[in-house]
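Reader: Could you walk me through the reasoning behind the labels used for this one?
Author: Sure, let's take them one at a time.

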Amino acid sequence: MTEKEVFQWLAEVTHPAKDDKDIVSLGIVDEVVVDGGKVIVTLAFGKRPDPLKNYLEGAVRAAIYRNAPGGTEIEVKSVVKEAPKPKKPALDLNLDQVNEVAHIIGIASGKGGVGKSTVAVNLAIALARLGYRVGLADADVYGPSVPIMTATEDVQPEAEEGEEEGKELFIPIEKYGVKWMSIGYFAQPGQALIWRGPMACSALKQMILQVKWGPLDYLLVDMPPGTGDIHISLVNDIPMEGAVIVTTPQPVALADVEKGVNMFQNPSINRPIFGLVENMAWFTPEEHPDEKYYIFGQGGGAAMAERFGIDLLGQIPLVQSIREAGDSGEPVALGTRPDSLAFLDLAQKLVDAVNR
Ligand SMILES: Nc1ncnc2c1ncn2[C@@H]1O[C@H](COP(=O)(O)OP(=O)(O)OP(=O)(O)O)[C@@H](O)[C@H]1O
Ligand SMILES: [Mg+2]
């Protein structure tokens, strides 16, 4: 008879007033001592008297009596003590599903609407075209864009029972050579996702950690706009290796880029930034692909990159077809136009930066 065995027996005793949870996980069993043929169990109850104290003492005695060798002496004591809070299982933070992912990279920006999702989706496709195994997790719980940008709004990811009991794993959608996952797949079209705080946070972690990614070279995470607590918790809890920051060239974007950079470089997070992507770097009319109009000013991205000591990974022009391709679900990175090639070039630069 060992103390561990006695704990196992006591785990069969449930508390009828506490959802029938067992007294061990409720923290009521304070101490078990096995001394030769004698078992001494100390139960701890909170300051508020528990009306079932006597019942539980009896149930403990009976559980030991049933299991222990005949003639065992049983002593059950109760003390008053705040029971320690039972630990919640950290379901969200099981990293099994990203174990086989070589590089998890966040696509971030301090600001909304600068083209994070456009860059993330096209970059994922471009990496796949370069021969890498790629996944993309759309972590924008407020405005998921991946289903529209890849024309997968109508599909529903299948779920399968994971190894952990009662826990489902979602199978990502495969299209254009990339594995996609988005919270948008679980919402009705047009349904607003109005999650806030912790709920949004755990929902978006699920979009990454509860997905059967399998072996991948790159998993890109399309981050929600901003640099708040959700972002910090996301970067911390997911083994995100580093980030790519997306910006537009205007000087007013500088403050937001700074926030984005600080988010990853602050001492408690401290992840590398693989570089800055200057989106909408210039405007090129569809019918004059050689012309460049610097409508937001020229050299903004390079100046920001220099200021923060990071590399300018690439420049993406503002082209009508990029917007149209996003809306129609056939991203430009699938094609061979100059702007398609800009994404292939960006993908190669990212690979080089990560390998450095
Ligand atoms: N280089 C570009 N050329 C043309 N249109 C673009 C370009 N980049 C982005 N867009 C368009 O700008 C809009 C915003 O882009 P996108 O959704 O990628 O931004 P975002 O930063 O992800 O936004 P949010 O902060 O809302 O998540 C989209 O309609 C997209 O098609
Ligand atoms: Mg977006």
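**How the labels are earned**

Author: Keep in mind that this is a predicted model. Strand 10 (residues 173–175) and strand 11 pair in the antiparallel sense, over three bridges.

Reader: What makes strand 10 and strand 11 a pair?

Author: The cut-off is at least two bridges between the strands. Strand 10 and strand 11 have three, so they count as paired. One spot to look at is K175, which stands opposite V178 in strand 11. The two strands form a hairpin with two residues between them, and Y176 in that turn has a positive phi of about 55 degrees.

Reader: How do you know that strand 7 pairs with strand 11?

Author: Same test: at least two bridges are needed, and five join strand 7 (residues 134–138) to strand 11. These two run parallel, and G135 has K179 as its bridge partner.

Reader: Why is strand 11 called mostly covered?

Author: Buried takes 20 or more other C-beta atoms within 10 Å of a residue's own. In strand 11 (residues 178–182), five of five residues are buried. V178, W180 and S182 point one way, K179 and M181 the other, and all are buried.

Reader: What makes three residues of the shell around ligand 1 charged?

Author: Asp, Glu, Lys and Arg count as charged, and three shell residues fall in that class, beside seven nonpolar and nine polar. The shell holds 19 residues, with G112, G115, S117, T118 and I322 the closest. Among the elements giving two or more residues are helix 3 (116–129) and helix 9 (320–328).

Conventions
Residues are numbered from 1 along each chain as its sequence is written. Chains are lettered from A and ligands numbered from 1 in the order in which they are written. This is a predicted model: local features need pLDDT of at least 70, side-chain atom pairs count only at pLDDT 80 or more; totals for chains, interfaces and linings use all residues. A residue is buried if 20 or more other C-beta atoms lie within 10 Å of its own, exposed if 12 or fewer, and partly exposed in between; C-beta atoms are placed from the backbone. Helices (H or I, at least four residues) and strands (E, at least two) are DSSP runs, numbered from the N terminus. A residue is near a molecule or strand if its C-beta atom, placed from the backbone, lies within 6 Å of it.
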